[in-house]
Structures are given as structure tokens and as C-alpha cells.
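Hi everyone, thanks for making room for me today. I'd like to walk you through a protein model, one region at a time.

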Amino acid sequence: MAGGFSSQILDEIRSRVDIVEIVGQSVNLKRAGEHWKGLCPFHSEKTPSFTVNPKRGIFHCFGCGVGGDAFGFLMRQDRLGFPEAVRTLAQRSGVELPTQRTPEVEGKLEGLRRVMTLAAQFYTEALWTKDGAKARVYVESRGVDLEVARRFGLGYAPEGWNALLTHMAKEGVTDGELVAAGLALPRQNAAGFYDRFRGRLLFPIRDLQGRVVAFGGRAPCPGLPRRARAPARSRECSAPRRGAPGGQGHPRRGGGCPGHGLRGGRRP
Ligand SMILES: [Zn+2]
């Protein structure tokens, strides 16, 4: 069991993916007999010493010595961990990975995903309301085109203490579910809860399947009353802690954000 995957599953995926196609997405390959050749993406060179052997499903560079299979290529090229590389290629090749989750955990995850989807819709729509005007001005002041903000699903957490809580209650989401999702916090000196993000520009953080799994909050939008600003840190993230339902630690930043120059965008 490598990385929790059986060798049969890994062989199945390897046999179904075309390594020439995988490598060919980032390397210009030319046929050379049984092999394919190109300029190595892992070191700088002018004559091709990087080869792909489709029969054996491997690549090798005679210049820098790196080599491996399709998983190894994706890990190097896209900086993926082994499990992510396996999942990516499994999805591409239509191999179903056995689920290692109990129905109970799966149910909790499903609930969490629904909460995240609804919250993302709420925040995204709020950015384009009258109330979100300040946030839009802020976005543009950071040199980000509004069309880009729309495309990346940037959102806005309205001012006040319970805009999200009130909205989500109408959708049948409980306060407890919002707390579990990292979007609400218990009041310190009274009963009840309050919205974690207030008066902030938000960017969605997505998993490899493109689902919103957390939100990152940028600095409070300037011009907002001080009481509406979230306390302490100017940047925070709603990702559930490790061990929480669905908490895989800090997820990859998939949506891009203005403060990060829109790095980490997904491939089309
Ligand atoms: Zn090389």
C-alpha cells in the first residue's frame, strides 16, 4: 500500500494514462523511434536530453538524472503530493478510488460542503450589491479588474455581526454547522454566535475538484467603521483545523486572490 493506495489500483491507473500525453501538456515532445524527446522541464538545456518511454510509462532525463512514472512527473511538475497525483490521474483515467471514509464521516463532509457552497453564493452575491460597493472600490484600488474578481468568485462579507448567520438560518443551516465550518464563532460573554468575517473582501479557497473548502479574508475594506472589523489578524482563513470534519489541514489556494497576484489559478 503506497500512500494508502493498493499496488493494483496504481498499476490500473498507470496502464490507463498515456504518459506522452501527460508530459506533453508541459513539454514539447518529438517522436524519436520508440521514445519521445524534448527539452527537460527540470533543468535548463538547449538540446533535448529528456525522454519519455510510452511502452514502460516512464520518463528520464539524461542531463539532470530525474526520472519516474506519470505520478512522479505530476508530483515534480505540478508540485503535488503523491496522494494528490494519484487522485488527479485516477480522475483523468476514470479509475474509481476506493473510499476510505465511513458513511458517518462522509455524511458530515457532505453537510460541510453544502454549507460552504451556500456561504460562497452568499458572499459572492454580496460583493455585487450596493453594500459591496466599498469592497469593489478596494478590489480596483489593488489593481484587480472587476471582471477578474467575478471570474475568481471573490466575495464580500457584509458589515454587522450576523449577516451570514441570518441568511443561513433561512437555508436551514444551524449555528453549530456554521461554527464547524469555521464561518461563525461563539460570543465570548453571552449566549449565541457571530459572523467570523465582517466587512471584508473574501477569496474562496478550493480543493482540487474546484469545491470551496474555506475562505481567506483580506484586510478589512478601508472606510469601514472600526467595530465592524474582525479583531486581531488582518488576514485569516476559515479552513477547519486538522481533525475537524473534512479538515485536511490547510488546503491549496485554488481561487487566487488580489493580494497574491492571482497566483495558483487552476488550469482551464
Ligand atoms: Zn533534466
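I'll begin with the overall picture, then visit the sheet and its helices, and end with the core.

One thing to keep in mind as we go is that this is a predicted model. The chain has 268 residues, and 31% of them count as buried. It contains nine helices and 11 strands. How much of the contact network links residues far apart in sequence? Taking the contacts with a separation of 6 or more, 53% are between residues 24 or more positions apart.

Let's start with the open sheet. Five strands make it up, in the order E1-E2-E3-E4-E5, and the pairing is antiparallel. Which strands sit at the edges? Those are E1, residues 30-32, and E5, residues 67-69, each of which pairs on one side only. From one strand to the next, the twist averages 25°. If you'd like to zoom in on one pair, take E1 and E2, where E2 covers residues 35-38: they are antiparallel and share three bridges. For lysine 30, the bridge partner in E2 is lysine 37.

Now for a helix that goes with this sheet. Helix H3 lies across E4, residues 58-61, and E5, and it runs at about 120° to E5. Follow the chain out of H3 and you enter the loop between H3 and H4, where you will find arginine 79. Please stop there for a moment. Most residues other than glycine have a negative phi. Arginine 79 is not a glycine, yet its phi is positive, about 55°. Is arginine 79 buried or exposed? It has 10 C-beta neighbours inside 10 Å, so it counts as exposed.

The loop brings us to helix H4, residues 82-93. Its 12 residues reach 16 Å from the first C-alpha to the last, close to the 16 Å expected at 1.5 Å a residue. Which residues of H4 are buried? They are Ala85, Val86, Thr88 and Leu89. These residues cover an arc of only 165° around the axis, and so they lie on the same side of H4. What do they pack against? Their partners are helix H1, residues 7-16, and helix H3, residues 70-77. Just after H4 comes glycine 94, with a positive phi of about 70°.

Let's move along the chain to helix H8. Here the buried residues are Leu164, Leu165 and Met168. They span an arc of only 100° around the axis, which puts them on the same side of H8. On the other side of H8, Thr166 and Lys170 are exposed. The buried residues pack against H5, E6, helix H9 (175-180), E7 and E8. Just after H8, glycine 172 has a positive phi, about 85°.

Between strand E7, residues 184-186, and strand E8, residues 193-195, there is a loop that holds glycine 192. With 11 other C-beta atoms within 10 Å, glycine 192 is exposed. Glycine 192 and aspartate 175 are 17 residues apart in sequence, and their C-alpha atoms are 8.4 Å apart in space.

Next, have a look at strand E9. How many of its residues are buried? Seven of the seven are, so E9 is largely enclosed by the rest of the structure. In a regular strand, the side chains alternate between the two faces of the sheet. In E9, Arg200, Leu202, Pro204 and Arg206 point one way, while Leu201, Phe203 and Ile205 point the other way. Strand E9 pairs with E6 in the antiparallel sense, over three bridges. One residue to click on is alanine 157, whose bridge partner in E9 is arginine 200.

That takes us to the largest nonpolar core, which has 34 residues. Which of them touch the most other members? Met116, Leu154, Leu178 and Leu202 do. H5, H6, E6, H8, E9 and E10 each supply at least two residues of this core. The largest share, seven residues, comes from H5. Apart from this core lies another one, of 20 residues, including Ile19, Phe71, Leu74 and Leu89.

Before you close the viewer, try selecting leucine 202. Leaving out residues up to four places away in sequence, leucine 202 touches several others, among them Tyr123, Leu154, Tyr156, Phe197 and Phe215.

Thanks for listening, and I'm happy to go back to any part of the model!

How values were computed
Residues are numbered from 1 along each chain as its sequence is written. This is a predicted model: local features need pLDDT of at least 70, side-chain atom pairs count only at pLDDT 80 or more; totals for chains, interfaces and linings use all residues. A nonpolar core is a set of buried Ala, Val, Leu, Ile, Met, Phe, Trp, Tyr and Cys residues joined through C-beta atoms within 7 Å. A residue is buried if 20 or more other C-beta atoms lie within 10 Å of its own, exposed if 12 or fewer, and partly exposed in between; C-beta atoms are placed from the backbone. Helices (H or I, at least four residues) and strands (E, at least two) are DSSP runs, numbered from the N terminus. Two residues are in contact if their C-beta atoms, placed from the backbone, lie within 7 Å. The expected span of a helix is 1.5 Å times one less than its number of residues. The arc is that of the directions from the helix axis to the C-beta atoms. Two strands pair if DSSP finds at least two bridges between them. Axes are lines fitted to C-alpha atoms, for helices over the stretch in contact, and angles run from 0 to 180 degrees between N-to-C directions.
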